[in-house]
Amino acid sequence: MKPKLRDDAQTSDPDLSVRIESERRFWNTLYSSWEKERRPFQTHNLIDHWDFLNALIEREGAHCILSVGGGVDIRAIELARRGARVTLIDVSDVAIHKTRELARLAGVASNVEIVQAACETLDRCDEFDLVIAEDALHHMEFTAGLSRIRDALRPRGVLLASEPMCLAGWLRWAHAKFPFHPEFPQTPYECLLGKEELEQVHATFDSVEIRFFELLNRPTIAYAFRRLGWHRGRQWLRRLDSVLLPAAPWLTALAHLAVIRAVRAA
Ligand SMILES: C[S@@+](CC[C@H](N)C(=O)[O-])C[C@H]1O[C@@H](n2cnc3c(N)ncnc32)[C@H](O)[C@@H]1O
């Protein structure tokens, strides 16, 4: 299904246009060097939430899917290969071009609509069963992106998002003050989700479930362990996270990642 795009969205808001253009250029540069890895960037600690997100996607069993900010969107192509009708949008024309090539090679070009567009420019269509946003919402103008996603879903349609976050003020300060790990690309506009954004998710959707990941096995620590060659240490951090986060809910304020399942009202 071709996504409907608002004609005026980029021109009527100059700040949004500048933001989208900045993201487009940043990701074009990165994806141009992309060859065969899943991502041209690495955080080295992603296994748990990927598995969890993939299991949720599988469980939804959705037929009509919108993938936003999927980059070189291997997952969307795989979903199309399994019979879903997939639409995907991303601001990066390089990612779009490479994803088209993947769709062609996988023989699913007729099942996939691939469009270079910003999420904030989507028009209401009320049609998708499922919207997937992985590591993408925190690159958007959050309020606009979230409400466009809600309006793209059919009633009772589901948003599955996996996003980096920071709920504790002092930790946010530390993130801003001290360098993140050097192999982790950061755009000028991206912003870790915080309390306000989670409140917006609750206000925009009918029912919201959030699962937190990466308390100790967060990108910075995983990076340091990798540099020190402490690979078993990282496995221990993963195990500790899987025990600590469910056992002590107050620790979620320090978690680095949230997988969100949000349902649009009927
Ligand atoms: C961190 S990458 C994540 C890519 C992919 N989802 C993954 O997890 O590997 C962020 C992606 O969001 C895209 N993006 C940034 N701003 C966007 C916007 N406003 N609308 C749609 N996509 C956007 C970028 O082009 C990039 O592909």
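The legends below walk through several close-up views of a predicted model.

**View 1. The shell around the ligand.** Let's start where the ligand sits: 21 residues surround the ligand. The closest of these are Trp27, Gly69, Gly71, Ala118 and His139. By residue class, the shell around the ligand divides into 10 nonpolar, 5 polar and 6 charged residues. Two elements, helix H2 (14–32) and strand E2 (85–90), each supply at least two residues of this shell. H2 gives the most, with 3 residues.

**View 2. The open sheet.** Here we step back to the strands. The sheet is open and is formed by 7 strands, with mixed pairing. Reading across, the order is E3-E2-E1-E4-E5-E7-E6. Strand E3 (112–116) and strand E6 (207–213) are the edge strands, and each pairs on one side only. From one strand to the next, the twist averages 15°.

**View 3. Strands E2 and E3 with helix H5.** This view turns to one end of the strand order. E2 and E3 pair in the parallel sense, over 5 bridges. If you would like a residue pair to look for, Leu88 has Ile114 in E3 as its bridge partner. Helix H5 (residues 93–106) lies across E2 and E3. Relative to E3, H5 runs at about 165°.

**View 4. Helix H2 against helix H5.** The helix that gives the most to the ligand shell also packs on H5. The axes of H2 and H5 are 7 Å apart, and the packing angle is about 45°. That angle makes H2 oblique to H5, because it falls neither under 35 degrees nor within 65 to 115. On the H2 side, the contact is made by Trp27, Asn28, Tyr31 and Ser32. On the H5 side, Asp93, Val94, Ala95 and Lys98 take part. The residues of this contact divide into 4 nonpolar, 2 polar and 2 charged. Trp27 is worth a second look: this residue of the H2 contact is also listed among the closest residues to the ligand.

**View 5. Helix H4 beside helix H5.** H5 has another helix partner to show. Helix H4 (residues 74–81) packs with H5 at an angle of about 30°, and their axes are 10 Å apart. This makes H4 roughly parallel to H5, because the angle is under 35 degrees. H4 passes H5 in a right-handed crossing. Ile74, Ile77, Ala80 and Arg81 in H4 meet Thr99, Leu102, Ala103 and Ala106 in H5. The contact of H4 with H5 divides into 6 nonpolar residues, 1 polar and 1 charged.

**View 6. Helices H6 and H8.** The last view moves to another helix pair. Helix H6 (residues 142–152) and helix H8 (residues 195–204) have axes that come within 11 Å and cross at roughly 25°. With that angle under 35 degrees, H6 is therefore roughly parallel to H8. Their crossing is right-handed. H6 contributes Phe142, Thr143, Leu146, Ser147 and Arg150 to the contact. H8 contributes Glu197, Gln200, Val201 and Thr204. The residues of the contact of H6 with H8 divide into 3 nonpolar, 4 polar and 2 charged.

How values were computed: Residues numbered from 1 in each chain as written. Predicted model: local features only at pLDDT ≥ 70, side-chain atom pairs only at ≥ 80, totals over all residues. Near = placed C-beta within 6 Å. Helix = DSSP H or I, 4+ residues; strand = E, 2+ residues; numbered from the N terminus. Nonpolar A, V, L, I, M, F, W, Y, C, P; charged D, E, K, R; others polar. Axes fitted to C-alpha atoms, helices over the stretch in contact; angles between N-to-C directions. Parallel < 35°, antiparallel > 145°, perpendicular 65-115°, else oblique. Left-handed = near helix turned anticlockwise from the far one by under 90°. Contact = placed C-beta atoms within 7 Å. Pairing = 2+ DSSP bridges.
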